[in-house]
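Please read the following note alongside the model. It takes up a metal site and then a helix packing.

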Amino acid sequence: MTRALFGRVPNFRFGTLRLRIAVLFTILFAAVMAVVMLLVSQSIERFGEKAASGNLSANAKVVDEILDLRARQMLGSADVLSRDFGFREAVATGDSATIASALRSLRSRSQSGSAFVVGLDGSLVEDGSGRYPPVDTIWGPLDDGGRKGLMRFGNDFALAAASPIEVPDTVGWLVVTQPLDAREMDRLAELGGVDMRARVSARSDLPEWARGTQDGEILEGRGENDHLYHISRLPALQDGIEPRLVLEHSLGEALAQYASLRYLLAGVIAAGLALVIALGFRIASGITRPLNRLDVAVRKFARGEDATLAVEGEDEIGRLATNFNGMVKAIAEREREIIHVGLHDGLTGLPNRKLFVQQLDEALSLRKDDDRVLVAYVDLDDFKVVNDTMGHPAGDALLRETAAHLRKQLPQARIARFGGDEFAVLISHIEPHSNLTALADEIQACFERPVDLGGHQAVSSASIGIAIAPGDGEDGITLMKHADLALYRAKRDGKANHHFFEPSLDEQARRRREMELDLRLAIRDGGFELYFQPLYDLRADRLQGFEALIRWPHPTKGMISPGEFIPLAEETGLILPIGEWVLREACRIARDWPDELSVAVNISPKQFLAPGLASTIMQALSTTGLSPKRLELEITESVFIANVDKTLGTLHSLRDVGVRIALDDFGTGYSSLSYLRSFPFDKVKIDRSFVQDLAGEGNAHAVIRAITTLAEALGMDTLAEGVELPEQMEILRREGCQYIQGYLLSEPLPMTGVTELFREMAHDKKRRAIA
Ligand code: C2E
Ligand code: CA
Ligand code: CA
């Protein structure tokens, strides 16, 4: 409805903005000027009309007065004759010839048009001109006292004056006339000095609007021909003629004198319009030029080119330019930031892997013939321990310090952080014969720094894998892959180690991949076996149980030891299904052993930290029916490295299930004794390395004594691994170690071996009983 009422707001969208502004200016100015022109024209017309009508009435008065003056002169000369004695006598005696002759001489004397005498009896004597009215039409005006006035002879009017002839009573009237024909009227009109026409008309001959009332007031009006009229009454000396003085003036002619004024005005307006158009374009240009410049700048900016605007003045446009420049700068800044963030590590500010790859590619493309480019992959040793014992802020600080230290120590190198505790070093322009081993040592040394580990000082170190172009690869991808392989190898070799890439590493990697595939097949096909190694109680002098040790009889490669494939299974996560199988299998087999014998199962760190270990164990126990107290789990200290709280939680939940827990390989990890205090293990398995040292001179005795003493104080059993010699066994017994395990007693046995052992034991018992 509203829409229908108002319609659509028109939008003036033609041409350019500049054109639109200019056209708008012009239209506005033209509209105003048109109104001015109209008003001025109307004023001119009204003024002209008023002036003309003023002139007309002034002229009418003049003509009136002239006519009256003339009539009075005529009356004067008539009076002279009518008072003449001879003339009166001639009238009294009716001497027509004398009268006529007197009249003729009067007419010529006074240069009038006619003269005649009418007697009261109705007789008429005239001068022979034939110009007189019907006698009976003049009595009315004369009786009313009229002496001057107009008469009409045919179509012509004449001015007349009547003088009474008295002897002494009035016997008649002497009338003198003068014609008021067109020529005469023109002459009168000319006296006014204004271009107008004058005539005498009978009232009845005038158009309806001009007739007015009988009284004949003055009428002024505008005829259809655009002429102004002034019509006034003239006295009549004859009944029924009603003479009117008509003055006529052409309005067009009156206004013609103002035409030049109009032309002047039109000229001024035209000039103004031209000026407005020019000015409109100029102003529009002033507005649109900066807009166009902004438009160009925005396009350039969109194309990613430099796009700053020149700032002119402090008006809106100047501010727009300033703000635009500010925006361009802010966006560029943000872009740089985003690029920086995308290519750098937030913690250390070092380049990230992406940027490192770019830098490496660049270095390789710039490499001269014999120059070499070194890529080193670095992994901080035991970074997890720092993170774990001192918290993440300390770990972050260590990473930042390491980064800063590297920057300072290796100014010629480009350093990157790949995340976690992995760094990369790129050194280009290495001379063909420079000492690479020394360079590797230099890099290694950069990572060897004292760190404060929760109060005690330790030395941080790193494992480093090195690949060198062009020998180890000419492209970035190959070099980085080879550095990674070398790092893998360096880590396996132990801490604070570097390893140069060598083609055999490739071969090893290939073999690892192959082994992984075979492992998957073995898991699917049940290709593993369990061996069991006896655990012996020295105090009770009897078998305590067995440790289950996995064996992999490979279809083509023969028996593969766990030392070879367990690390790979850990790395690949395959340890989870394998560990589950070992648990179930060990429980199943141990169930058939004599009740007093337990079975120990190794739980790898990955397996230990994976969720659901407790339920897997419960399931194994419940499906096999093995009593929980006959199952012992062996874990290593390394599980504490990841997360102490979580580890303790898991240990307690396992304890709740009712199984026993042994700390395996004790003495090889960090701050071992503190772990003993943090969790009440059931058993501590002292690592083989201490047992081997017992044969020598060192302080191994003291170490064993310290461990057994502490364990006893904490209520834990102790077992020594890898006992191969009787002397070792004796020393261990002396130093308070209750259990032993090792080749001295037995190597790990297959199932058949265990059955054989049981048979022998039964046999021995019998023999002893007999003896
Ligand atoms: P570990 O737990 O320390 O197991 C003891 C290792 O020492 C066994 O090697 C055993 O054969 C060996 N050994 C026993 N007595 C002597 C001795 O008197 N002298 C010497 N030199 N060695 C002795 P094995 O069976 O090759 O196992 C190596 C490692 O593989 C184990 O070390 C254990 O960490 C891991 N492992 C074995 N079976 C499993 C398993 O079922 N699950 C998991 N997660 N790890 C397993
Ligand atoms: Ca073990
Ligand atoms: Ca062990």
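**Notes on a calcium site and a helix contact**

1. The donor residues of the calcium ion (ligand 3) follow the spacing D-D-x55-E in sequence, donors being N, O and S atoms within 2.8 Å of the metal (3.2 Å for Na, K and Ca), and because water is not among the atoms, sites may look incomplete. This is a predicted model, in which local features need pLDDT of at least 70, side-chain atom pairs count only at pLDDT 80 or more, and totals for chains, interfaces and linings use all residues. Residues are numbered from 1 along each chain as its sequence is written, chains are lettered from A and ligands numbered from 1 in the order in which they are written, and side-chain values use heavy atoms, with hydrogens and water left out.

2. Coordination of the calcium ion (ligand 3) comes from Asp664 (OD), Asp665 (OD), Glu721 (OE) and Glu721 (OE), at 1.9 to 2.6 Å. Aspartate 664 also coordinates the calcium ion (ligand 2), which lies 3.8 Å from the calcium ion (ligand 3).

3. Aspartate 665 is partly exposed at 26% relative accessible area, whereas glutamate 721 is buried at 10% (buried is under 20%, exposed over 50%, partly exposed in between, with a 1.4 Å probe and protein chains only).

4. Leucine 568 is buried as well, with a relative accessible area of 6%, and it touches Arg512, Met515, Glu516 and Leu519, leaving aside residues up to four places away in sequence; contact here means heavy atoms within 4.5 Å.
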